[in-house]
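These are my notebook entries on one protein structure. I set down what I looked up, entry by entry.

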Amino acid sequence: MLGTRLQRARKAAGLSLRALGERIGLSHTAIQKYEDGNNVPDSATLLRLARALNVRTEYFFLQEEVTLETVEYRKRSTLPKKRLQAITHELLDLIERRLELESLFAPACTRAFEPIEGLPDRITRWDEIETAAESVRGAWQLGLDAIPSLVDVLEAWGIRVFMVDGDADQKFDGLAAHVQGKPVVVVGRHWPGDRQRFTLAHELGHLMLGGRLAEELDEERACNRFAGAFLFPRPAVFFTLGTHRTSIEMKELSLLKSEFGLSMAGILYRALDLGIISEAYRTRYARLFSMKGWRRVEPGPAYPSEEAQLFQHWVLRALAEDCIGESKAAELLSMSLLQLKEFRIVKDEHAALD
Ligand SMILES: [Zn+2]
């Protein structure tokens, strides 16, 4: 157990046996022996290993080995293997802490994920994807308005959402996997909100549409269509943009983006997919976006990033109800006790003005 975890942490840190050995003043064969389980480090060595690998010492002793099942990285991902390992490592750590909290304190507010009833077994046309997205919204009682927090919606319906920091690399495009049979979706914590939401809704598309799509419908495209339709549903598009347009103001796109959390480019696709604008008109707009560098960063206000606060809520709730103590809460939140004390304070802004 210790050996496997040591190896995982070393690979996540991108270190060779020799490099790790050098950092803590041991030979590469000594490290190899720990990893193979042929030798066990004493507590002082363990502490040095933990420091060199930037993990908590508890990390080496966690009982349950969590693995990602059926991992799907977004197709255009060209992430180097090392970076992917680092992200996977960060994710496994988040998942372990989450599972540990759930084992200590099980909030009854979430249910197991299941595809909703009423979705057709076979989807053969693009407009059926629109209907499918509306059915999911209907079953989840979301109406047709904008969804303020997509993370909360997914969590409430049994999809665990994790946000990783290891996303400085633009190439990481999110991933979906199963852990202990339950769906998990991962996005970058610092991405703009519209990118996070599109990725989350796209992965929801895979979960809802998987196995139902006719061969002529490409699954990636279908999930993109689902994502757009879920975030900005057909009736809302017609209500705001109308049914036929020869021109759309840039400001309209910007305002709709702020309201629905779908990128301006995504909104133009909605207008095209629903037959509101012509392909030629969308292409003209797309060219302008390329020329101005707006495909990377769109003009106008950015949509705020989503926040995954549920975990913090549950840790605080478990703490308030004495299910866990302060040190366990600090460990779960990856904070020192001092940081936890700071974190728990709600400042009285008015008092500060006196
Ligand atoms: Zn996909």
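**Entry 1. The zinc site**

I began with a definition: four donors count as tetrahedral if all angles lie between 85 and 135 degrees, and as square planar if opposite donors are over 155 degrees apart and all others between 65 and 115, while anything else is irregular. I also note that this is a predicted model.

Which atoms are the protein donors of the zinc ion? I found NE2 of His 202, NE2 of His 206 and, listed twice, an OE atom of Glu 220, at 2.0 to 2.6 Å from the ion. The angles among the 4 donor atoms run from 52 to 128°, and the site is irregular. Because a tetrahedral site needs all angles between 85 and 135 degrees, the angle of 52° rules that label out.

Along the chain I read the spacing of the donors as H-x3-H-x13-E. His 202 belongs to helix 8 and Glu 220 to helix 9, so this pair ties together parts that are 18 residues apart in sequence. I then looked up His 202 by itself and found it buried, at a relative accessible area of 0%.

**Entry 2. The whole protein**

I recorded 17 helices and 4 strands in the protein. The C-alpha trace spans about 75 × 55 × 45 Å along its principal axes. Of the 354 residues, 47% count as buried. I next took the contacts between residues at least 6 apart in sequence; 70% of them join residues at least 24 apart.

The division I found names domain 1 (1-63) and domain 2 (324-353). Their C-alpha centres lie 31 Å apart.

**Entry 3. The nonpolar cores**

In soluble globular proteins, nonpolar side chains tend to be buried together. With this in mind I looked up the cores.

Which residues of the largest nonpolar core touch the most other members? They are Ile 95, Trp 140, Met 208, Phe 226 and Phe 230, in a core of 73 residues. Helix 5 (residues 81-104) supplies the largest share of this core, with 7 residues. Another core lies apart from it and has 17 residues, including Leu 2, Leu 17, Leu 46 and Val 55.

I followed Met 208 further. Leaving aside residues up to four places away in sequence, Met 208 touches Phe 113, Glu 114, Pro 115, Ile 116, Leu 119, Val 136, Trp 140 and Phe 226.

**Entry 4. Helix 11**

Helix 11 covers residues 250-260, and I listed its buried residues as Leu 253, Ser 254, Leu 256, Lys 257 and Phe 260. Why do they line one face of the helix? Seen down the axis of helix 11, the buried residues fall within an arc of 165°, so they line one face. An α-helix has 3.6 residues a turn, so residues three or four places apart point the same way.

On the face turned away from the buried side I found the exposed residues Lys 251 and Leu 255. The cover over the buried residues of helix 11 includes helix 8, helix 9, helix 10, helix 12 and helix 13. Just after helix 11 comes Gly 261, with a positive phi of about 65°.

**Entry 5. Helix 12**

I found 7 of the 10 residues of helix 12 buried, so this helix is largely enclosed by the rest of the structure. The buried ones are Met 264, Gly 266, Ile 267, Leu 268, Arg 270, Ala 271 and Leu 272. Among the elements that cover them are helix 6, helix 9, helix 10, helix 11 and helix 13. Gly 275, just after helix 12, has a positive phi of about 70°.

**Entry 6. Single residues**

Most residues other than glycine have a negative phi, and most peptide bonds are trans. I therefore noted two residues apart from glycine with a positive phi.

- Gln 141 has a positive phi of about 55°. Gln 141 sits in the loop between helix 6 and helix 7 and counts as exposed at 69% relative accessibility.
- Ser 334 also has a positive phi of about 55°. Ser 334 sits in the loop between helix 15 and helix 16 and counts as partly exposed at 43%.

Is Glu 331 buried or exposed? Glu 331, in helix 15, is buried with a relative accessible area of 18%. Not counting residues up to four places away in sequence, Glu 331 touches Arg 56, Glu 58, Arg 97 and Glu 100.

Note on methods:
Residues are numbered from 1 along each chain as its sequence is written. This is a predicted model: local features need pLDDT of at least 70, side-chain atom pairs count only at pLDDT 80 or more; totals for chains, interfaces and linings use all residues. Side-chain values use heavy atoms; hydrogens and water are left out. Buried means under 20% relative accessible area, exposed over 50%, partly exposed in between (1.4 Å probe, protein chains only). Helices (H or I, at least four residues) and strands (E, at least two) are DSSP runs, numbered from the N terminus. The arc is that of the directions from the helix axis to the C-beta atoms. Contact means heavy atoms within 4.5 Å. Donors are N, O and S atoms within 2.8 Å of the metal (3.2 Å for Na, K and Ca); water is not among the atoms, so sites may look incomplete. Four donors count as tetrahedral if all angles lie between 85 and 135 degrees; four count as square planar and six as octahedral if opposite donors are over 155 degrees apart and all others between 65 and 115; anything else is irregular. A nonpolar core is a set of buried Ala, Val, Leu, Ile, Met, Phe, Trp, Tyr and Cys residues joined through side-chain atoms within 4.5 Å. Domain bounds come from an automatic or database domain assignment.
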